[in-house]
Amino acid sequence: MRIVCIGGGPAGLYFALLMKKNHPEHSITVVERNRPYDTFGWGVVFSDATMVAMRRWDAQSAAEIEDAFNHWDDIELLFKGTRQRTTGHGFVGIGRRKLLNILQARCEALGVELRFETEANGDRDFPDADLVIASDGFNSKVRNAYADIFEPDLAKRPNRFVWLGTEKLFDAFTFDFRRTEHGWFQAHIYKFDDKTSTFIVETTEEAFQRHGLEAMSQDESISFCERLFADTLDGAPLMSNARHLRGSAWLNFSRLVCGKWSHFNGHSHVVLMGDAAHTAHFAIGSGTKLALEDAIELTRQFNAHGHERDAIPAVLDDYEAIRRVDVARIQNAARNAMEWFEVVGERYADQLAPEQFMYSMLTRSQRISHENLRLRDPEWLEGYERWFAAQAGAPSAPEGERPLPPMLTPYRARGVTLKNRIVVSPMAMYSASDGLIGDFHLVHLGARALGGAALVFAEMTCVSPDARITPGCLGLWNDAQTQGWRRLADFVHGSTDARLGIQLGHAGRKGATRLAWDGIDEPLTEGAWPLLSASALPYLAHSAVPKAMDRADMDRVLADFVAAARRAADAGVDWLELHCAHGYLLSSFLSPLTNRRDDEYGGSHENRARYPLEVFRAVREAWPEDRPISVRLSAHDWFQGGNTPDDAAVFARLFKDAGADMIDCSSGQVWKGEAPVYGRLFQTPFSDKIRNEVGIPTIAVGAISEADHANSIIAAGRADLCAVARPHLADPAWALHEAARIGIRQVPWPRQYQSAKRQFETNLERAAAQ
């Protein structure tokens with residue numbers, strides 16, 4: 001085949017050499033606009049895992065790269081006058097120029113034609129090519145010429161950065177955070193050869209503008225950075241190799257995703273590779289890694305399908321299908337890391353102690369978890385666990401015994417102390433008759449209270465008969481129901497060391513529906529009751545139309561909430577949560593999708609929150625002062641025009657000011673046309689934002705299924721408690737079992753189950769040894 005690679009960066013060069021090595025009869029040309037020794041940037045970074053793959057695919061170039069690169073395991077943080085270091089992270093740093101030169105020489109040795117100082121206008125410059133590789137970078141002419149086909153999605157990010165270098169050598173990947181009168185700056189620093197280190201400086205747009213960096217020349221901008229990081233540089237100057245850029249050389253990163261990666265132009269197949277197809281932020285050093293792995297995968301597909309022209313369509317289809325998944329995974333991690341740096345000043349740097357800030361930084365991409373840190377640097381992690389446990393008031397671990405991990409440390413809210421940070425989330429069971437707690441609820445909730453969780457919530461408990469979602473929902477509007485709750489509370493307090501929570505709510509427009517297994521959200525065919533909501537909008541097109549609440553309705557429902565709160569207090573419930581999420585009555589006031597009112601209860605955030613806050617204040621007054629109240633919010637409506645996390649932060653602040661102790665950060669279920677983006681810990685960022693920007697404790701929910709998840713969330717300060725739902729349905733003793741799985745033996749089991757504890761732990765040990 002005749003193959004042309006437009007762009008002589010890592011992607012084009014590495015693909016050319018791999019294809020020529022695998023099939024020497026191919027005619028392969030790399031066309032590059034610059035001279036062989038031209039390059040931009042300083043050093044590049046990729047992981048040990050990428051290096052392993054490169055050794056397998058071309059040992060010779062891999063050996064030369066390994067001879068030239070700098071490898072380090074340590075990450076060092078300079079923050080608030082402290083210096084912290086951890087090891088075991090495995091990075092490779094190499095000068096971009098050196099990397100390209102190695103790949104260029106290897107291409108020439110294999111017979112690849114390299115054309116330097118040649119400007120290619122696009123794929124049609126090479127009509128005789130069977131395959132054109134568009135490896136011409138982020139500003140790809142090829143991709144831009146077929147924008148309607150490749151569908152590039154570009155997002156310009158808010159932070160500014162400048163890519164500099166210094167002759168001071170650093171022996172760890174170093175992060176240096178400096179606070180100025182206008183905000184935080186951070187430096188990303190790593191050595192890439194025996195003479196030079198990369199020194200990237202980043203800040204927010206606001207700090208950039210307020211310091212006047214926009215108007216500075218490159219030399220003035222460099223002097224500013226030298227002064228700011230003088231202690232770290234120890235007198236070494238900073239250098240720029242971006243003299244080709246006008247102005248101060250500060251840039252905004254742009255995230256790129258393409259809808260399609262290949263195209264047949266009528267005579268040649270064209271495929272995107274590297275930065276022409278996707279970008280990943282430098283915060284996890286993944287751009288070069290992605291480019292090299294693109295080249296490997298495309299070569300792999302040719303080896304699998306054959307090296308003939310007829311195989312190209314199948315090759316390109318499979319290449320895109322496989323790489324799209326891997327790239328999305330890396331881009332998601334890079335996005336998490338990038339967003340962490342974008343909000344680090346307002347969310348973390350001012351709020352967190354240096355120890356927790358370090359943990360948060362290390363886990364910013366959410367690819368590195370608590371137990372992964374233990375594999376990398378067990379000594380550092382154990383030291384952090386001891387620090388965290390001490391902050392939480394946990395007793396010191398005896399000599400030779402592991403400290404309690406974050407999820408097992410105590411937490412105190414008002415007069416209630418939870419033995420650990422695990423919550424059994426409210427989960428609808430649809431198994432009540434006339435709202436009464438029955439034997440099912442006693443067994444179901446009692447088993448979970450015995451199972452190690454610190455706080456056990458029953459399902460949303462409705463404050464009146466017409467507040468129910470279904471005829472099978474729990475209620476608390478009469479004395480018989482109060483007796484059922486007292487029976488449950490007596491069991492939980494008498495037989496376990498857990499605390500009991502109640503979530504009070506009103507179904508609103510989502511009421512009068514069938515039991516879930518008979519058709520979730522489907523309206524009752526008989527026995528329905530009238531519905532209320534903020535506005536007269538049905539939940540489904542064929543649902544009953546609710547009445548838009550008037551003042552009399554508001555007064556009556558508020559009184560129902562207050563009466564239910566008093567009943568719960570009398571029954572001995574420890575914790576109350578007000579349900580203002582998921583499209584139910586109070587949620588319907590908060591969301592602009594469901595609140596179309598033009599009175600004082602509609603419009604602005606304050607107006608939409610007015611009635612939910614009236615209810616909250618009345619409930620807070622009725623609820624004992626020494627018992628906490630949390631508020632569950634839908635932090636994202638997942639629908640255009642609905643609430644976003646920024647809106648949720650506004651509401652969280654209003655509830656905080658009204659006396660809420662905690663925000664339970666859920667999302668969705670407000671509008672039927674929603675399109676949530678699911679994934680591991682997908683709702684945790686909402687908790688992180690509200691906790692650290694609003695300054696109120698939070699509960700994280702959603703796809704938390706392992707102790708590793710909970711420990712990572714709590715240790716990083718992304719939440720104070722973790723609510724676990726479906727895993728607790730599958731395993732009532734989830735908390736006890738997860739503690740055992742991570743090797744914690746000091747957590748007591750109920751005395752009736754003691755004989756099973758050692759056997760369970762022994763079985764885990766045997767399984768691990770196999």
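Biologist: How much area does the chain expose, and what share of it do carbon and sulfur atoms supply?

Modeller: This is a predicted model, and every value here is computed from it. The chain exposes about 29,600 Å². Of that exposed area, the share supplied by carbon and sulfur atoms is 50%.

Biologist: What percentage of the residues of the chain count as buried?

Modeller: A residue counts as buried when its relative accessible area is under 20%. Applied to the 770 residues of the chain, this cut-off gives a buried share of 61%.

Biologist: How many helices and strands does the chain have, and why is it described as being as compact as a globular protein of its length?

Modeller: The chain has 26 helices and 30 strands. Its radius of gyration is 30 Å, and the globule rule gives 27 Å for 770 residues, so the chain is as compact as a globular protein of that length, the two values being close: 30 Å and 27 Å.

Biologist: Where does UniProt place the domain "NADH:flavin oxidoreductase/NADH oxidase N-terminal", and how far apart are the end C-alpha atoms of that stretch?

Modeller: The unreviewed UniProt entry places this domain at residues 409-735. Over residues 409-735 the chain is 35% helix and 15% strand. The C-alpha atoms at the two ends of this stretch are separated by 13 Å.

Biologist: Is Leu256 buried or exposed, and in which strand is it found?

Modeller: Leu256 has a relative accessible area of 0%, which is under the 20% cut-off, and so Leu256 is buried. Leaving aside residues up to four places away in sequence, Leu256 touches several residues, including Phe138, Leu154, His278 and Gln331. The strand in which Leu256 is found covers residues 251-258 and is β15.

Biologist: What is the phi of Glu117, and in which loop is its place?

Modeller: Most residues other than glycine have a negative phi. Glu117 is not a glycine, yet its phi is positive, at about 55°. Glu117 is also exposed, with a relative accessible area of 58%. Its place is in the loop between β8 (113-115) and β9 (131-134).

Biologist: Is Asp434 buried or exposed, and what is its relative accessible area?

Modeller: Asp434 is found in the loop between β20 (422-424) and α16 (439-450). Although Asp434 is not a glycine, it has a positive phi of about 55°. A residue counts as exposed when its relative accessible area is over 50%, and Asp434 is therefore exposed, with a value of 56%.

Key. Residues are numbered from 1 along each chain as its sequence is written. This is a predicted model: local features need pLDDT of at least 70, side-chain atom pairs count only at pLDDT 80 or more; totals for chains, interfaces and linings use all residues. Side-chain values use heavy atoms; hydrogens and water are left out. UniProt positions are given in the numbering used here, feature names are shortened, and annotations may be inferred rather than shown by experiment. Helices (H or I, at least four residues) and strands (E, at least two) are DSSP runs, numbered from the N terminus. The radius of gyration is taken over C-alpha atoms; the globule rule is 2.2 Å times the number of residues to the power 0.38. Buried means under 20% relative accessible area, exposed over 50%, partly exposed in between (1.4 Å probe, protein chains only). Accessible areas come from the Shrake-Rupley method with a 1.4 Å probe; for residues, only the protein chains shown count as cover. Contact means heavy atoms within 4.5 Å.
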